[in-house]
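User: I have a structure open and could use a walk through it. Can we start with the strands and then move to the ligand?

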Amino acid sequence: MKTVIFNWKMNPSSLDEVNKIIAVIEAESVAVGRSELVILPPSIYINLLQQKQSNIFASLGVQDISDSENGAYTGQLSAEMVSNLGLEYALIGHSETRKYQHYTTQDIANKLTQALKYNLTPILCVGYEENPKANEINIDLIKQELSDIIIPNRELLAKNQILIAYEPIWAIGSGITPSLDSIETVSILIKKTFQDIIPAELESTANILYGGSVNRGNISELKTITSVSGFLIGGASLDTNQIPSLLS
Ligand code: PGA
């Protein structure tokens, strides 16, 4: 069964719309073999989603966490408070947070440390270059970035699960996806790079996700890629017409 992660980004704009989306997810919740669902809402909606959590069978998480423990960091969420609230996942290093918040690779590594320290399952996004071209894979960049982020967190990763999302920037929100072959190649490469860094005796598991323009029209085909364990979905996860197909 694949994991489907709904990244709502800074949407929707009202509780009314959140309730409409929840109603659709709830209607799907009894479907046999439904994908495992994780929702990353804007944190202002987390309370509402937690109230509905037992009806929608979804795990919850946040779209970003601080690289600091606690204190005078206006606007940020600490991994500890996210964990204490009973949330399970933290998205780390999404290209939009890197772009608008100017996070460095070191910041991302520190955020991963925080997530692991407080037992959140990290959803780490990698593979970003400054001027990406469609369908080009920069293998060296992916390897370097993974090493820089994973090596400082080696011990903390022991016996832990991490999700690593391959999201080409040009595929995000564009309606264009890489070929199935290319997604397969990169996902295998990411998994192998992870295994090369983390000794087998640490027993950490890395599952690879794909994200970027996943929608009801392409998800069945994308699901055939066995090296990909799930999907990070933005735009389509807010569309009540598409949600049933994304979850089936
Ligand atoms: P998209 O976004 O599905 O709208 O392309 C994916 C993401 O940015 O996580």
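**Strands and ligand**

Analyst: Strand β3 (residues 58-62) pairs with strand β4 (residues 89-92) in the parallel sense, over two bridges. Strands are DSSP runs of E, at least two residues long, numbered from the N terminus, and two strands pair if DSSP finds at least two bridges between them. This is a predicted model, where local features need pLDDT of at least 70, side-chain atom pairs count only at pLDDT 80 or more, and totals for chains, interfaces and linings use all residues. Residues are numbered from 1 along each chain as its sequence is written, and side-chain values use heavy atoms, with hydrogens and water left out.

User: Which residue in β4 does Val 62 stand opposite?

Analyst: Val 62 stands opposite Ala 90.

User: What do the eight strands form?

Analyst: A closed barrel, in the order β1-β2-β3-β4-β5-β6-β7-β8, with parallel pairing.

User: OK, ligand now. Which residues come nearest?

Analyst: Lys 9, His 94, Glu 167, Gly 173 and Ser 213, out of 13 residues around the ligand. A residue is near a molecule if one of its heavy atoms lies within 4 Å of it.

User: Where does Lys 9 touch the ligand with a polar side-chain atom?

Analyst: At an oxygen atom of the ligand, 2.7 Å away. A polar backbone atom of Ser 213 is also 2.7 Å from a ligand oxygen, and a backbone N or O atom of Gly 234 lies 2.8 Å from one. A polar contact is a pair of N or O atoms within 3.5 Å.

Key:
Polar contact = N/O pair within 3.5 Å; in protein donor to acceptor, adjacent residues only side chain to side chain. Helix = DSSP H or I, 4+ residues; strand = E, 2+ residues; numbered from the N terminus.
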